Amino acid sequence: MKVSVFIAASLDGYIARSDGGLDWLEDPPDLEEDYGYKAFIRSVDTLAMGRGAFEKVLTFPEWPYEGKRVIVLSRTLRQLPPGFKERAELRRELPAQLVEHLRCQGCTRIYVDGCLTIEAFLNAGLITALTLTRIPPSAGWAATCACCTRTPRAYFSGFVQSTYTLPA
Ligand SMILES: NC(=O)c1ccc[n+]([C@@H]2O[C@H](COP(=O)([O-])OP(=O)(O)OC[C@H]3O[C@@H](n4cnc5c(N)ncnc54)[C@H](OP(=O)(O)O)[C@@H]3O)[C@@H](O)[C@H]2O)c1
């Protein structure tokens, strides 16, 4: 079972503005580059995200996880908004219990998203791969090496990406 995080952060360590905004992430300088996201999302069968991340996704123009099993973690939500009952499931187990539940159901690769949720999975020692894309403060910042094939990998836009994995 692989349990992965794939997340972007500013160089000073933030993953969202204080109001939850992701505008600095949604407007990348290089629209042709997807920073490995499409291959990553293709590789996962299940997403487990916190309520905060889910509420952010609800503001997107379209549901980005068609064809994936999506778990929304919350102890306060009583039900998902209309139209989302076929797209996602509401659950409230602890991370270890959820991973065990999903393993029993045949899930093989989980994508964990949302700040507090990632933290809880990390603290429980459940994350087996973490890809962090660090984003400079503006498009004008260039990385010195844009052709590396090993991690950390620097892109022309100045994005720098490192992948950390646990030994199998
Ligand atoms: N930069 C990036 O790549 C990136 C990626 C994803 C998200 N984000 C940002 O991250 C922010 C969301 O983070 P967040 O701090 O709100 O954290 P979050 O993990 O998305 O949501 C936290 C909430 O999830 C629920 N939760 C977590 N674990 C649970 C469990 N085991 N059982 C039941 N409920 C559980 C709780 O909801 P209740 O309070 O309802 O119980 C908790 O308050 C958004 O602003 C989003 O834009 C950034």
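Here is a short chat about how the parts of this predicted model get their labels.

Me: Why is Y35 called partly exposed?
Reply: Count the neighbours: Y35 has 19 other C-beta atoms within 10 Å. Buried would take 20 or more, and exposed would take 12 or fewer, so a count in between is called partly exposed. Y35 sits in the loop between α1 (23-26) and α2 (37-43).

Me: What makes the phi of Y35 worth a look?
Reply: Phi of Y35 is near 60°, a positive value in a residue other than glycine. There's also a positive phi just after α5, of about 70°, and that one belongs to G125.

Me: How do you know that T117, I118 and F121 are on the same side of α5?
Reply: T117, I118 and F121 are the buried ones in α5. They cover an arc of only 100° around the axis, so they end up on the same side of the helix. Over on the other side of α5, L116 and N123 are exposed.

Me: What do the buried residues of α5 pack against?
Reply: Quite a list: β1, β2, α3, β3, α4 and β5.

Me: What makes a group of residues here a nonpolar core?
Reply: The residues must be buried, come from the nonpolar set that counts, and be joined through C-beta atoms within 7 Å. The largest such core in this model has 25 residues. L47, A48, M49, I71, V72, I110 and V112 have the most contacts inside it. Elements giving two or more residues to this core include β1 (2-10), β2 (46-50) and α5 (115-123). β3 gives the most, with four residues.

Me: Which residues does L47 touch?
Reply: Leaving out residues up to four places away in sequence, L47 touches Y65, K68, V70, I71, Y111 and D113. A touch here means C-beta atoms within 7 Å.

Me: Where does the second core come in?
Reply: It's a separate core of five residues, and A8, I135, F159 and V160 are among them. As a general backdrop, nonpolar side chains tend to be buried together in soluble globular proteins.

Me: How many residues surround the ligand, and which are the closest?
Reply: There are 26 residues around the ligand, and the closest are G20, G50, G52, G114 and T117. β1, α3 and α5 each supply at least two residues of that shell.

Me: How many residues of the shell around the ligand are nonpolar, polar and charged?
Reply: The shell splits into 14 nonpolar, seven polar and five charged residues. Gly counts as polar in this scheme, so G20, G50, G52 and G114, which are among the closest to the ligand, go in the polar group.

Conventions
Residues numbered from 1 in each chain as written. Predicted model: local features only at pLDDT ≥ 70, side-chain atom pairs only at ≥ 80, totals over all residues. Contact = placed C-beta atoms within 7 Å. Arc of directions from axis to C-beta. Near = placed C-beta within 6 Å.
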